[in-house]
Amino acid sequence: MVFDLFGSLRNITKLDKVCIDNNVFRLHYKVTVVMLVAASILVTGRQYFGDPIDCIQRDDIPQNVMDTFCWIHSTFTLPHALNKKVGVDIVAPGVDSHAPGDKKVYHKYYQWVCFVLFIQAIFFYIPRYLWKMWEGGRLRSLVLELNNPVMKADDKESQIQLLSTYMNNNITYHNTYFYCFVFCEILNFINVITQMYLVDAFLGGAFSTYGLDVLSYSEMDIDQRIDPMVKVFPRVTKCTFHRYGSSGDVQKHDSLCILPLNIINEKIYIFLWFWLVILAVISAGIVVWRVAIIFFPNLRFKSLASRARLANRDNLQMFMDRAKVGDWFIMYLLAKNMDSLHYRELIREMAHQLNPTEGEKFRPDLSETGFNSSKSN
């Protein structure tokens, strides 16, 4: 069953035939979403990690009743018992006898880990959903069949001329398209930062420094260090059960609870900490890049020229002199999706349509490029 669920994630990882975004964007809605959904499924895999909680007690309370009570009402550890010696002073880190007034740290998050991970995945997909809705399949319509390197000569000629005419007739009208995409990229960055704060609140303020604490743990003295993973995700905790005795008085029963699921939870969140930090840095970098693209036209030309290496730079410059940032974005996406030879012919045809006198020398000889259908036949 679990493998069937993991197999369903392959639909998310499939590459689109027409790419309407970039690699950084895909890190959010493909890689991160798959990781979060997979982690959510993993923590529900009882057949691999056993029951999520098993409580040990010597009284006459039924085992299933004690387990259910402690799972619902949460368990706790004692901060003052974290640095005591296991096997000598205490039975497990944070587990010790306690008196009224002792500080307790209650652990309730484990009931909600699978749900929180899944909700995080949904929020990581929202910018992708918005962009697909606003994009509306425009790029797929523009690419036509020009992403196929093998085409009939007359089909290639008609499609390149059709696309060239569209771009030249609609030049300067694509800014809204571009800014919608930039908004989604900014939304990706905001989402990463927000989720880091929310996970930190979910784990009681322990997530913000979790990764750094784990890294510094290995460098500390073995007799003095406290494992931050055990501190945040304890494997053994305590639970107090109250009930009425035969005489009607309130009786207290202490139980020792084992949380085997925290073994996987601690690994998930240490990986998630590093991943979110890396993703936040990359997302911030792409936002800075977009700002530079908006304000520096020469940078737009260089980025497009690097993507379309076969296209003549003079042809590109002729188009970019008239184009705005939205037109550059459309042409950049077309360069990513079209066959490079077809894209070169497109740039030549656009240059010719923009300025027949100057562009004529860049326009290809149709008899040599396969545009002459009679020759190709």
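The questions and answers below go through a few features of this predicted model.

In this predicted model, local features need pLDDT of at least 70 and side-chain atom pairs count only at pLDDT 80 or more, while totals for chains, interfaces and linings use all residues. Residues are numbered from 1 along each chain as its sequence is written, and side-chain values use heavy atoms, with hydrogens and water left out.

Me: Where in helix α3 is the kink centred?
Reply: Helix α3, a DSSP run (H or I, at least four residues, numbered from the N terminus), covers residues 23-42 and reaches 26 Å from its first C-alpha to its last, close to the 28 Å expected, where the expected span is 1.5 Å times one less than its number of residues. The bend at a residue is the angle between axes fitted to the seven residues ending there and the seven starting there. In α3 the kink is about 30°, and its centre is T32.

Me: Is A323 buried, partly exposed or exposed?
Reply: A323 is found in the loop between α14 (313-320) and α15 (325-337). Buried means under 20% relative accessible area, exposed over 50%, and partly exposed in between, with a 1.4 Å probe and protein chains only. Because its relative accessibility is 11%, A323 counts as buried.

Me: How far apart in space are A323 and M167, C-alpha to C-alpha?
Reply: In sequence, A323 and M167 are 156 residues apart. In space, the C-alpha to C-alpha distance between A323 and M167 is 9.7 Å.

Me: Why does F118 count as partly exposed?
Reply: F118 lies in helix α6, which runs over residues 113-135. F118 counts as partly exposed because its relative accessibility is 42%.

Technical notes: Helices (H or I, at least four residues) and strands (E, at least two) are DSSP runs, numbered from the N terminus.
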